[in-house]
Amino acid sequence: MRKIISLVLLFTLMLSTVLLPVSAQASTKISAGAPPLLMRYRQYETENDTTMFNLRVKELLRKSDSITFEKNGAKAIVPAAALNALKMVDSQKLVVAITRPDDVSVKLAVTVNGEAVSALAGTVITMPWATATSNSLTATDENGNAVDAAYDAAAEAVSFTVNAPGTYTVKIKSADPLPEEPAEGRIVYRWDFNDLTEKNGKASLTDSERSTKGYTLQDGIITVTDRTTDFTLGESFKLTNAYDWSIEWKADLEKGSALFGTAASANNFIYLAYETASWKNPFRVVTGAGKAYMIPLGAYVSEMTEMNTWRAEFSSKDTALTLKFYNETDKVWEIVGTVAMTGDFAFEITNLFGRYKSGTDVCLKGSVDYVQVSTIREEKAETKLEDVNYRWDFNDLNGKDGKGNLTDSEKSTKGYTLQDGVITITDRTTDFVISEGFELADTYDWSIEWKADLENASALFGTTASANNFVYLAYTVGSWKNPVRMTTGDGVSYMIPLSDYMEKMTEMNAWKLEYVAKDKTMNLSFYDETTKNWESVGSVSISDPFQLKLTNLFGRYKAGTDVCLSGAVDYIEVVAKRTVEN
């Protein structure tokens with residue numbers, strides 16, 4: 001009888017232990033060594049973790065193919081295969097901790113008998129999230145590696161599948177609406193910076209030739225750490241006064257920064273000059289002709305140094321450019337300012353973040369979430385560079401072999417005579433249009449040779465309707481040390497002083513201006529008739545890209561007056577290139 005009573009008491013004690021509520025179990029301490037058999041079937045809860053022995057793991061897996069651990073509003077669903085792969089023995093305990101470092105992150109930590117677990121393949125972590133769109137959701141581990149993520153609108157939660165414990169961060173872009181389908185004839189270019197590709201695949205990015213490549217891509221954001229990094233667009237685009245266009249971007253800047261620019265051009269750029277107080281901290285647009293349009297940021301200037309969204313819109317009907325700021329709180333666009341853009345203008349944009357200046361670049365420094373451009377896509381004919389060899393001997397106005405024939409320009413006063421193979425010009429307002437112009441650029445060798453006797457500083461070549469783009473013999477300009485001067489389309493000048501050779505410009509002598517692309521050097525030589533040798537006058541290094549498109553012989557155009565050629569010319573010969581359609 002005593003044995004029966006003892007057995008009943010023992011069974012009752014064991015049963016009451018098994019049925020202890022979780023709150024009571026949580027305070028139970030585990031002694032050193034293997035705990036009693038019944039304790040190994042139990043689990044222990046604290047604020048951040050769940051502890052269970054292997055027998056409890058096995059018990060739960062007999063009922064399901066996974067175990068769900070839930071803490072701090074987040075869940076970790078660990079599949080049976082991942083738990084079995086731990087190869088625990090019955091006396092070992094599993095501790096699963098789930099914490100929330102911040103509102104956008106969750107940390108999963110797992111140990112077996114105090115040793116960290118490094119693999120839990122196929123684990124699904126779920127955390128609450130009120131709003132999201134499938135197009136703008138990303139999740140990464142602490143090393144910035146992407147993990148699969150999904151948003152459940154009904155559950156208002158985001159989940160992602162991982163293969164190891166760690167810290168996982170969710171990023172959902174809430175204020176960067178995807179572009180609407182563009183109207184016929186229009187195109188939307190968009191860069192989201194998960195990589196360097198563009199949404200349409202037409203204007204994907206490559207490092208420009210000048211770029212120092214100081215950037216990182218992480219979580220759909222590009223961070224540029226210097227102001228000498230930029231990218232060449234796979235397809236350039238135009239912004240003109242003929243149609244509406246817009247540029248939208250979301251960024252957090254550290255310095256005044258270029259948004260777009262053009263290779264080999266100090267003009268043609270869109271610049272966020274929020275640090276330039278002398279210009280009232282403006283959004284600044286500079287055309288190819290060097291004309292600047294600016295919208296002061298006013299009270300919005302400090303918003304440039306935080307991750308905010310902006311949009312610049314040009315209306316062809318109103319001939320005005322408007323800058324807008326997106327108010328995240330009220331979910332509305334606010335107008336920062338407007339500037340009139342009357343008259344014709346055109347930008348040929350070739351580079352993202354690239355603005356080129358003589359001596360230094362002023363590109364972008366900061367972080368950019370996305371950039372989007374809506375414009376007209378102009379179909380461009382395929383082109384190639386064709387060799388040019390023009391020579392004018394001035395028996396008439398025709399070029400050698402009928403190439404580069406000359407006609408009086410519209411502005412020419414026609415003050416010239418042709419006699420004995422020499423053209424003599426008696427004023428500085430006479431010039432000629434070349435039937436097919438030519439180009440001088442930094443990417444190939446070129447040369448200009450001429451024989452002349454000048455009466456004043458004179459233009460050798462120029463470009464219709466451009467105050468830049470010319471080659472000028474400034475031998476009377478002492479303030480510039482009497483140089484031969486080449487000025488690019490951007491207004492950047494390169495000069496070689498004539499020094500002791502200055503007076504020889506006023507006699508009938510031969511000269512040669514040559515550019516060697518390999519050395520990035522422009523050289524000037526003088527032909528000595530006595531020794532029959534070319535003598536070096538001087539040279540200048542040209543480190544920056546450049547391009548001149550020359551259309552006129554002897555024509556240089558300036559506001560108010562022209563400064564063409566005055567004197568007599570025996571011959572001119574050009575070896576260069578020009579762009580032609582295939």
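The legends below describe several close-up views of a predicted model.

**View 1. Strand β18 and its two partner strands.**
Strand β18 covers residues 245-253 and includes Ser 246, and eight of the nine residues of this strand are buried. With strand β23, which spans residues 308-315, β18 pairs in the antiparallel sense over seven bridges, and within that pairing Glu 313 of β23 is the bridge partner of Ser 246. Strand β27, made of residues 366-376, also runs antiparallel to β18 and is joined to β18 by eight bridges. In this second pairing, Asp 252 has Ser 367 of β27 as its bridge partner.

**View 2. The surroundings of Ser 246.**
Is Ser 246 buried or exposed? Ser 246 has a relative accessible area of 17%, and because the limit for a buried residue is under 20%, Ser 246 counts as buried. Leaving out residues up to four places away in sequence, Ser 246 touches Ala 312, Glu 313, Gln 372, Val 373 and Ser 374. Among these contacts, Glu 313 is also the residue of β23 that serves as the bridge partner of Ser 246. As a general point to keep in mind when looking at such a view, the side chains of a regular strand alternate between the two faces of the sheet.

**View 3. An open sheet of seven strands.**
The strands of this open sheet follow the order β14-β17-β26-β19-β20-β21-β22, and their pairing is antiparallel. At the edges are β14, residues 205-207, and β22, residues 292-296, each of which pairs on one side only. On average, and with direction ignored, neighbouring strands of this sheet are turned by 30° against each other. Within the sheet, strand β17 (residues 231-240) and strand β26 (residues 346-352) run antiparallel and are joined by six bridges, and Lys 238 has Glu 348 of β26 as its bridge partner.

**View 4. Ala 346 in strand β26.**
Ala 346 belongs to strand β26, and its relative accessible area is 40%. Because partly exposed residues fall between the limits of 20% and 50%, Ala 346 is placed in that class. Although Ala 346 and Asn 241 are 105 residues apart in sequence, their C-alpha atoms are 6.8 Å apart in space. Not counting residues up to four places away in sequence, Ala 346 touches Leu 239, Thr 240, Asn 268 and Gly 288.

**View 5. The hairpin of β30 and β31, and its link to β44.**
Strand β30, residues 416-419, and strand β31, residues 422-425, pair in the antiparallel sense over four bridges, with Thr 417 standing opposite Thr 424 in β31. Two residues lie between the strands of this hairpin, and Asp 420 takes a positive phi near 55° there. Strand β31 is also joined by three bridges to strand β44, residues 567-581, and these two strands run antiparallel. Here Ile 425 has Gly 567 of β44 as its bridge partner.

**View 6. Nonpolar cores.**
The largest nonpolar core has 52 residues, and those with the most contacts inside it are Phe 438, Trp 446, Trp 450, Phe 461, Met 522, Phe 554 and Ile 572. Apart from residues up to four places away in sequence, Trp 446 touches ten residues by name, namely Leu 440, Ala 441, Met 486, Leu 513, Glu 514, Tyr 515, Met 522, Phe 546, Val 575 and Ala 576. A second, separate core has 49 residues, including Trp 191, Ala 203, Leu 297 and Phe 353.

**View 7. Asn 482 in a loop.**
Where is Asn 482 found? Asn 482 lies in the loop between β35 (470-473) and β36 (483-487), and with a relative accessible area of 16% Asn 482 is buried. A polar atom of the side chain of Asn 482 lies 2.7 Å from the backbone oxygen of Tyr 475. When neighbours within four places in sequence are left aside, the residues in contact with Asn 482 are Ala 474, Tyr 475, Thr 476, Val 477, Ile 496, Pro 497, Leu 498 and Met 502.

**View 8. Two buried cysteines.**
Cys 363 is buried, with a relative accessible area of 0%, and Cys 564 likewise counts as buried at 0% relative accessibility. How many disulfides does a search of the whole structure find? The search finds zero disulfides.

Technical notes
Residues are numbered from 1 along each chain as its sequence is written. This is a predicted model: local features need pLDDT of at least 70, side-chain atom pairs count only at pLDDT 80 or more; totals for chains, interfaces and linings use all residues. Side-chain values use heavy atoms; hydrogens and water are left out. Buried means under 20% relative accessible area, exposed over 50%, partly exposed in between (1.4 Å probe, protein chains only). Contact means heavy atoms within 4.5 Å. Two strands pair if DSSP finds at least two bridges between them. A nonpolar core is a set of buried Ala, Val, Leu, Ile, Met, Phe, Trp, Tyr and Cys residues joined through side-chain atoms within 4.5 Å. Axes are lines fitted to C-alpha atoms, for helices over the stretch in contact, and angles run from 0 to 180 degrees between N-to-C directions. A disulfide is a pair of cysteine sulfur atoms within 2.5 Å. A polar contact is a pair of N or O atoms within 3.5 Å; within protein, one must be able to donate a hydrogen and the other to accept it, and residues adjacent in sequence count only if both atoms are side-chain atoms.
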